[in-house]
Each structure stands twice: as C-alpha cells, then as structure tokens.
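Got the structure open in your viewer? Here is a short tour of two helix pairs, with what to select at each stop.

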Amino acid sequence: MAADRVTRPWRCGVTALAALTVCCCLHAAPAAAAPEQAAPSTVYGNAPALPPGAVTVHPYGSLRVSDNLDDYDDAPISVIADPFEPWNRFWFHFNDIFFLYVAKPVYKAWEFITPHQLRSGLKNFFSNILFPVRFINNILQFRFMEAGVEFGRFIINTTSSAGFADVAKGLKTVVPVDPAGEDFGQTLGRWGLGHGFYLVWPFLGPSSARDTVGRVGDLFAEPLFYLQPWELSFGAGGGLRFNALGDVLPLYEDLNSVAVDPYIAMREAYVSFRRAQVLH
C-alpha cells in the first residue's frame, strides 16, 4: 500500500505528460505533411546549414559524414520545427557535459573492472526483457511476420540462456528484422503522425513531440516499469541502460567532432535516423 502511494503520483505525472505532448503533437501534425523551409537556427541566425545527407545515421548505428561539408551553405534544407530551440540548446549542452565528463569516465571505469562477457550478457538480457515493446509495436504496425520472429527469438534466448546470450542471433529468419526492433514512436510514424517539433530531454537526448509520446507508451510495455518498489525499477532500468553506453558514446563523440554546429548536426542526424527506422 505504501509503495502504491509513492508510485501513483509518479505514474499519474507520466500519463499527464503523455496527454499534454499528444495535444502538442496533434496540433503540429498538419505542418509535417507540408514541411516548410525553416532557418537552420532561430537562436543563431547565421549558423551553418547542413546540406541534405551531410550527416546520416543509419538504423544499425553507423555514422556517415559527407565529404562536401564545405558547401553546407549552398542550399537551404527542410528541418523539423524547433520552436523551443533555446530550451533544447540548454539541455543539449547539459547532456554534452554529462556524457563526456561524467558518464564516459564512469563507463570507462566500469569497462575496466568488468569482463566483456558480463557486459555483453547484461546487454543481451536487457534486450531480451524489452521483447514486449518490440512485439506489441510490430502487431500495432500489422507486421505479423516480424512479430513472429521477435516471439521466436524471445523463446529461444529465454529458454536457452535466460536471455543472457543471443542464441537466436545467427539463425535465419523468414523476414529481416531490425535488431533495434520497433517502438511506439515508429508506430505513430507508420500511422502517419509527423514529428511535431524537436525536443531535447535531459539524459535522454534528442526526441520530438511524437517520439516523446512514444517513449511514454513504451514505458508501459516494459516489464521493469512494474517492479516494486519503484527504487528497484528505476535502479535496474538505469543500470542496464548505463551498461549499454558502449554503443552510444562513440557515435555521440563522432557527431560532436563534425566541423559544424554540433546541435544542428545532432538534430539532422536524429531526424534522418528516425525517418529511416519508420520507412524501413
């Protein structure tokens, strides 16, 4: 009873945030159908604009940077609406400091004291317990074959190693499935809902009105969300996500090394990445 009284306000707050963001996203959705030519930055009017394809993040985590960045001001590009750019830039710089000067050194220490097998096993375990998120969103997108593949992988990995080994990784599937899987933000995109507007959240990084709603929706599909007490749920989820930073930090540093405004580079890369995920 005491735990319910503690967690009830938190979950109500999450639900209220989702409702508010849905309203904003639906209000901005018509604009997504006819993107307008927007200035690269409403804060820095002379900030460089990236040409289409200058920075592209592909669904499987690789980064490609165009060789023609010197010509970035040749043509304007259509970008996601960014009405909260001052807010977003503040949290972008906050995240930049956090990831490079706090999370990176701590992760390097974690990497030094733990064997690769342990980190890999925890990463596989975390991916395995997120099966409901991927399975439900495949069903919502009417991708029944992909849902079947996800279900098969979950059964094989759970029964063979409790999810600590990706035994099903090398098995041939009836249809190709993105290893990152589907999420509710992609589902909303497949249903025709536009990004709405760009957002940057502390610790979570780049997002949009649509994907913020998607994050909340996915939260309710995560088994860890229902762990009690809430401290255990928060700690387990945070720890497993921290263990996966090894995949995120190199990409983050690559984006920051691009010789243009890193904020704009991150924004374009995020939109490109999510577009590729929705359309694949």
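## Stop one: α2 and α9

Start by selecting helix α2 (residues 85-113) and helix α9 (residues 245-256), which pack at an angle of about 130 degrees with their axes 11 Å apart. Keep in mind that this is a predicted model. An angle over 145 degrees would count as roughly antiparallel, so at about 130 degrees α2 and α9 come out as oblique to each other. Turn the view until one helix lies in front of the other: α2 passes α9 in a left-handed crossing.

Now show side chains on both helices. On α2, pick Phe92, Asn95, Asp96, Phe99, Leu100, Ala103, Lys104 and Tyr107. Their partners on α9 are Leu245, Gly246, Leu249, Tyr252, Glu253 and Asn256. Colour this contact by class and you'll get 8 nonpolar, 3 polar and 3 charged residues.

## Stop two: α4 and α5

Next, move to helix α4 (residues 131-140) and helix α5 (residues 144-161). What is the angle between α4 and α5 here? It's about 160 degrees, and the axes are 8 Å apart. Since angles over 145 degrees count as roughly antiparallel, that label fits α4 and α5. Their crossing is left-handed.

For the contact itself, select Phe131, Arg134, Phe135, Asn138 and Ile139 on α4. Then add Phe144, Glu146, Ala147, Glu150, Phe151 and Phe154 on α5. Coloured by class, the contact of α4 with α5 splits into 7 nonpolar, 1 polar and 3 charged residues.

Terms used
Residues are numbered from 1 along each chain as its sequence is written. This is a predicted model: local features need pLDDT of at least 70, side-chain atom pairs count only at pLDDT 80 or more; totals for chains, interfaces and linings use all residues. Side-chain values use heavy atoms; hydrogens and water are left out. Axes are lines fitted to C-alpha atoms, for helices over the stretch in contact, and angles run from 0 to 180 degrees between N-to-C directions. Helices (H or I, at least four residues) and strands (E, at least two) are DSSP runs, numbered from the N terminus. Angles under 35 degrees count as roughly parallel, over 145 as roughly antiparallel, 65 to 115 as roughly perpendicular and the rest as oblique. A crossing is left-handed if the near helix is turned anticlockwise from the far one by less than a right angle, and right-handed if clockwise. Contact means heavy atoms within 4.5 Å. Ala, Val, Leu, Ile, Met, Phe, Trp, Tyr, Cys and Pro count as nonpolar, Asp, Glu, Lys and Arg as charged, and the others, Gly among them, as polar.
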